[in-house]
Protein chains: 2
Amino acid sequence: MRTVFAQCSVEYSGRLDAHLELANRLLMVKADGSVLVHSDGGSYKPLNWMSPPCTMSVREPDGEETDAGVSEVWEVSNNKTSDLLVIRLFEVLADYAHDLGTEPGLIKDGVEAHLQQLLAEQVDRLGGGSLIRREYPTPIGPVDLMIRDTNGTYVAVEVKRRGEIDGVEQLTRYLDLLGRDPLLQPLRGIFAAQAIKPQARVLAEDRGIECVILDYDEMRGIDHPEDRLF
Amino acid sequence: MRTVFAQCSVEYSGRLDAHLELANRLLMVKADGSVLVHSDGGSYKPLNWMSPPCTMSVREPDGEETDAGVSEVWEVSNNKTSDLLVIRLFEVLADYAHDLGTEPGLIKDGVEAHLQQLLAEQVDRLGGGSLIRREYPTPIGPVDLMIRDTNGTYVAVEVKRRGEIDGVEQLTRYLDLLGRDPLLQPLRGIFAAQAIKPQARVLAEDRGIECVILDYDEMRGIDHPEDRLF
DNA sequence: GAGTCAATGTCGCAG
DNA sequence: CTGCGACGTTGACTC
């Protein structure tokens, strides 16, 4: 990993064209050749970047560039997509490099999969019935849970951490398709999430989809600790 | 901007919980207090981070941490969301800081807004008619273009750089709502994009939505240079 | 501040 | 490899 603090200007051409005027910025060059241009604000997204796989070449400035004060030009390109990032360095404030070794990787805990698993064991929260299966297949992707309620009605359940409009659309597509299967009649839908945004709720209910709020802590409390990872 | 190369371990708790085992990484501390943890690969996304507004405090390691070899502990928190990022520094390889000054900002060309603007001036590409307005309002968000064609039929147009299934869903919602307005009858939809994925096209045409491919270079060629930024 | 939509989205998994 | 959905999405803009 190499980091260069430098006064620079940047041109990007690829999916779009973008341009950065002369200013001081942090340039990061990673071991895989990828390059990031960071300013001293914003968030984690760089102002410009080039993703791997890419190759970086350094060239001398041409006459015009030299006259403008350019000391060095970096050209980073992705041959496949023909994206090109050109960084013109003027004054270089600092240039540091360190070997970081291997990255063990990020470990994530407790996401939607866990919520779905808990809910599969606690069908009562959805009004009861019996679980047919998790990840019930349809031609356009699996429904999170398929249940048959105590009246014999099939229930397709979409589980989300946060219930938004996209989730309702997704469940609607599933219901649309599953509704064509005569063996799955009658059929209804439940949209279950830790929180459901008002517009998502309105859209869901307008389409006859029931909304259920899930209490993760409560669900986890009922869960058997010995079955879980932590 | 401060960059620290250090052997460290990281814990994050917020929307989810995540942790990073001990390894060498680059820590960036920006002027606004935000912190990024980068490895020597991946892409521009950090392994962990804390977005502004947030506050970073540095504390001495406790007894247990000292025994484990921790030299310093960074705690970065966002009071609003109660997100917390804890970075335990073991060996510090380097610690650099430079003032970058103000960032003039990124200038972009070729994004959807530009495509929409060009298309508004070149309604012929959609079969002709007259533009009623860009960003035609509906209760669930604005339609990119509203046109009245030569037959007097209203045409709601969704413009995308890349036409995918989400865009068709979006336009369908608009058509659904606008179809209830008796003043906008008859009404049809056009899905216009630089490229349209096969499934998106199938879905669109199944719903009676016409698909139109846009040639950006051609559209830009017809555009009047004096009206544009560069 | 909430809602809505775009993004050089990126990432990860399954087919 | 491609499609597809999730993401601590982030960011920009409107109401």
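Two strands pair if DSSP finds at least two bridges between them. Helices (H or I, at least four residues) and strands (E, at least two) are themselves DSSP runs, numbered from the N terminus.

A word on the setup before we start. This is a predicted model, where local features need pLDDT of at least 70 and side-chain atom pairs count only at pLDDT 80 or more, while totals for chains, interfaces and linings use all residues. Residues are numbered from 1 along each chain as its sequence is written, chains are lettered from A and ligands numbered from 1 in the order in which they are written, and side-chain values use heavy atoms, with hydrogens and water left out.

**Exercise 1. Work out which strands E1(A) pairs with, and in what sense.**

Step 1. Start with E7(A): 11 bridges tie E1(A) to it, and the two run antiparallel. For a register check, find Tyr12(A), which sits opposite Leu85(A) in E7(A).

Step 2. Now try E2(A). Here too the pairing with E1(A) is antiparallel, over 11 bridges, and Gln7(A) faces Asn24(A) in E2(A).

Step 3. Look at the connection. E1(A) and E2(A) are joined as a hairpin through three residues.

Step 4. Add the side chains. Arg2(A) and Asp95(A) meet in a salt bridge, 2.8 Å from N to O. Arg2(A) belongs to E1 and Asp95(A) to E7 of chain A, so to speak distant parts of the chain, 93 residues apart. The rule asks for a side-chain nitrogen of Lys or Arg within 4 Å of a carboxyl oxygen of Asp or Glu, and over all chains it gives 26 salt bridges.

**Exercise 2. Describe the interface of chain A and chain B: how many residues does each chain give, and how much area is buried?**

Step 1. Count the residues in contact (heavy atoms within 4.5 Å). Chain A gives 53 and chain B gives 55.

Step 2. Get the area. Buried area is the accessible area (1.4 Å probe) that two parts lose on being put together, summed over both. The two chains bury about 5000 Å² between them, with 58% of it on carbon and sulfur atoms. On the chain A side, Asp40(A), Tyr44(A) and Leu100(A) lose the most area to chain B, together 16% of what that side buries.

Step 3. Tally the polar side of things. There are 21 residue pairs in polar contact between the chains, both residues at pLDDT 80 or more. Such a contact is a pair of N or O atoms within 3.5 Å; within protein, one must be able to donate a hydrogen and the other to accept it, and residues adjacent in sequence count only if both atoms are side-chain atoms.

Step 4. See where the chain A side comes from. E2(A) supplies its largest share, 11 residues.

Step 5. Pick out the charges. Four salt bridges cross the interface. One of them pairs Arg25(B) with Glu103(A), the closest N and O atoms being 2.7 Å apart.

**Exercise 3. Find strands and rings that link the two chains.**

Step 1. Follow E2(A) across the interface. Four bridges join E2(A) to E8(B) (residues 106-109), and the strands run antiparallel. Asp17(A) stands opposite Asp109(B) there.

Step 2. Turn to the rings. Rings of Phe, Tyr and Trp (its six-membered ring) pair if their centres lie within 6.5 Å; planes under 30 degrees apart count as stacked, over 60 as edge-to-face and the rest as tilted. That yields five aromatic pairs over all chains.

Step 3. Classify Tyr96(A) with Tyr96(B). The ring centres are 3.0 Å apart and the planes are at 5 degrees, so this pair is stacked. Tyr96(A) lies in E7 of chain A and Tyr96(B) in E7 of chain B, so the pair joins two chains.

**Exercise 4. Hunt for unusual backbone geometry: which peptide bonds are cis?**

Step 1. Recall the background. Most residues other than glycine have a negative phi, and most peptide bonds are trans.

Step 2. Check the prolines. The bond from Pro52(A) to Pro53(A) is cis, with omega near 0 degrees, and Pro53(A) is in the loop between E4 and E5 of chain A. The bond from Gln185(B) to Pro186(B) is also cis, with omega near -10 degrees.

Step 3. Check phi. Glu135(A), in strand E9 of chain A, has a positive phi near 55 degrees.
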